[in-house]
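User: I'd like to go through some of the labels used for this structure and see what stands behind each one. Can you take me through them?

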Amino acid sequence: QGASGSPPGERVRIYSAGYVFGRSGWGTERPFANESFYSLRFGRGRQIHGHHDHMSLTYYARGRELLVDSGHTGYEHTTYRAFLKSPEAHNVLTMPGVRFDGGATTTLARSAVGSRGAFYEMSDTAYAGLTRRRSVYISHSPHVVAVFDRASGATRYRQLWHLAIATARDGSTRLWLFQVPLPGQQLPAGSTQVVRGQTNPYQGWVSRQPLQRVKAPVVTMTRTGRSAAMLTLIAAARPGARVTRHLTTRADGWYRLEVRIGSARAVFLVSPGGFIRRG
């Protein structure tokens, strides 16, 4: 935890097998406990012990887990184990009612790692050959993540955000999740929900070890229509800090998203094609 030794020379590593692991730093520019960590999944379809977790994001910031994987409970043949292996147990965009192909490959289309954060874009056709794209920008300071999901060809689209068991809120940290409507979009009433401990179908559970099942909150964000473009903001802040966001469209067609967390400020520029960078 930064108390001794030499810090590694890299903050991010991308593995061709389909994994991205990244950190904001090693405690050299801020206290070690204030660093953030994230993971992303891409690559070949599920193999052997794998889960259908492609495009999933996990996130740790401000000294605690925030977005988590639903875990592993062992190898019994149950509907609960089937849930844990499914996309619905991970932080992804799903297309309810559309056939899912677990053998489909997810491509890391582009990435850009900088001093203030990192950008990644993934794409696949796992849902009945329909294209699904996810762009992610992880900001190092303040602790903010912007996710831009796009898909078409279905009738319903649902983002899932699995939170830590004790909820992503305690005496030191509060997690904010916002749907940010793009120009011309209106968010339907009830499009953001929280599910916990549901059994038919399973949703809102975490298994930290074999034979364990613990109720945990899941935030669902749903859209309907022939296509979906969902911009989501994830922010970790101290309790009491005011979090605001403001989206405008620039003359060149890019979206400008300004985020304020207390006195901290971050600007993200998002292209209609899915590239995200700091402004």
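**Labels and their reasons**

Analyst: Sure. Let's start with H90, which counts as buried at 1% relative accessibility. Keep in mind that this is a predicted model.

User: Why does H90 count as buried?

Analyst: The cut-off for buried is under 20% relative accessible area. H90 comes in at 1%, so the label buried applies.

User: Where does H90 lie?

Analyst: H90 lies in a loop, the one between helix 1 (79-85) and strand 6 (93-94).

User: And which residues does H90 touch?

Analyst: Leaving out residues up to four places away in sequence, H90 touches H51, H52, D53, S56, D69, L84, K85, L160 and H162. A contact here means heavy atoms within 4.5 Å.

User: What about L40: why is it called buried?

Analyst: L40 has a relative accessible area of 2%. Buried means under 20%, so L40 gets that label too. L40 sits in strand 3, residues 37-41.

User: Which residues touch L40?

Analyst: Beyond four places away in sequence, the contacts of L40 are G18, Y19, V20, S56, L57, Y120, M122 and V136. As for N91, that residue is 51 residues from L40 in sequence, while the C-alpha to C-alpha distance is 9.8 Å.

User: Now the sheet with strands 20-21-22-23. What makes strand 20 and strand 23 edge strands?

Analyst: The four strands form an open sheet in that order, with antiparallel pairing. Strand 20 (243-249) and strand 23 (276-278) each pair on one side only, and they are the edge strands. From one strand to the next, the twist averages 20 degrees.

User: How do you know that strand 22 pairs with strand 23?

Analyst: Pairing takes at least two bridges. Three bridges join strand 22 (residues 264-270) to strand 23, so the pair qualifies, and the two run antiparallel. Within this pair, V270 stands opposite I276 of strand 23.

User: How many cavities of 30 Å³ or more does a search of the whole structure find?

Analyst: One. The largest cavity has a volume of about 80 Å³. Its lining has 15 residues, and those closest to the centre are H52, H54, F100, A126 and R132.

User: What classes make up the lining of the largest cavity?

Analyst: An even split: five nonpolar, five polar and five charged residues. Among those closest to the centre are F100 and R132; Phe counts as nonpolar and Arg as charged, so those two fall in separate classes.

Note on methods: Residues numbered from 1 in each chain as written. Predicted model: local features only at pLDDT ≥ 70, side-chain atom pairs only at ≥ 80, totals over all residues. Heavy atoms only, no water. Buried < 20%, exposed > 50% of the residue type's maximum accessible area, 1.4 Å probe, protein only. Axes fitted to C-alpha atoms, helices over the stretch in contact; angles between N-to-C directions. 1 Å grid on protein atoms, 1.4 Å probe; cavity = no way out; pocket = protein on both sides within 12 Å on 5 of 7 lines; lining within 4 Å. Points joined across faces, edges and corners; volume = space filled by probe spheres on them.
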